[in-house]
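Hi,

Here is the structure I promised to pass on. Have a look around it first, and then read my notes below.

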Amino acid sequence: RYDQNYGLQNSLGPNKDERVLFADQVLKVNRRLRVERRDFILSVEAFYLVMRATKMGQQFYKVSLRVPVSNIQV
């Protein structure tokens with residue numbers, strides 16, 4: 001749940017105060033055919049893909065893609 005995951009919220013940095021419309025976890029298959037969990041976040045201003053990583057036993061989040069909603073075409 002996005003609203004209870006403060007690490008994920010803080011990963012958005014200065015954009016963390018944007019109103020989130022939808023958030024979910026997705027699975028991505030990397031080029032080594034390993035499954036990675038990503039977080040898909042759609043806010044009023046942008047679409048985010050956030051990857052999870054572990055460093056020294058601590059899990060953290062890193063925004064791997066941010067696309068403004070105005071740049072998305074149907």
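One thing before we start: this is a predicted model. I went through the side chains looking for two kinds of contact, aromatic pairs and salt bridges.

Let's begin with the rings. Searching the whole structure turns up two aromatic pairs. In one of them, the ring centres of Phe 22 and Phe 40 sit 5.8 Å apart with their planes at 70°, which makes the pair edge-to-face because the planes are over 60 degrees apart. These two come from distant parts of the chain: Phe 22 belongs to strand 1 (residues 20–29) and Phe 40 to strand 2 (residues 35–43), with their positions 18 residues apart. Phe 22 has 42% relative accessibility, so it counts as partly exposed. Phe 40 is partly exposed too, at 24%. Phe 47 also joins in, as ring pairs link Phe 22, Phe 40 and Phe 47 into a cluster.

Now for the charged side chains. Side chains of opposite charge can pair when their charged atoms come close. How many salt bridges does a search of the whole structure find? The count is three.

Take Arg 66 and Glu 18, whose side chains meet at 3.5 Å, N to O. Here, too, the partners are in distant parts of the chain: Arg 66 is in strand 4 (residues 58–68), while Glu 18 is in the loop between helix 1 (6–11) and strand 1, 48 residues apart. Is Glu 18 buried or exposed? With 15% relative accessibility, Glu 18 counts as buried, whereas Arg 66 is partly exposed at 35%.

Another salt bridge joins Arg 38 to Glu 36, with an N to O distance of 2.5 Å. Arg 38 is the buried partner this time, at 11% relative accessibility. Glu 36 has a relative accessible area of 26%, so it is partly exposed.

Then look at Arg 52 and Asp 39, where the closest N and O atoms are 3.0 Å apart. Arg 52 lies in strand 3 (residues 46–55) and Asp 39 in strand 2, so this salt bridge ties together parts that are 13 residues apart in sequence. Asp 39 has just 3% relative accessibility and counts as buried. Arg 52, at 21%, is partly exposed, because the cut-off for buried is under 20%.

If you want a place to start, try finding Phe 22, Phe 40 and Phe 47 in the viewer and see how the ring pairs link them. After that, go on to the salt bridge between Arg 52 and Asp 39.

Cheers

Definitions and conventions
Residues are numbered from 1 along each chain as its sequence is written. This is a predicted model: local features need pLDDT of at least 70, side-chain atom pairs count only at pLDDT 80 or more; totals for chains, interfaces and linings use all residues. Side-chain values use heavy atoms; hydrogens and water are left out. Rings of Phe, Tyr and Trp (its six-membered ring) pair if their centres lie within 6.5 Å; planes under 30 degrees apart count as stacked, over 60 as edge-to-face and the rest as tilted. Helices (H or I, at least four residues) and strands (E, at least two) are DSSP runs, numbered from the N terminus. Buried means under 20% relative accessible area, exposed over 50%, partly exposed in between (1.4 Å probe, protein chains only). A salt bridge is a side-chain nitrogen of Lys or Arg within 4 Å of a carboxyl oxygen of Asp or Glu.
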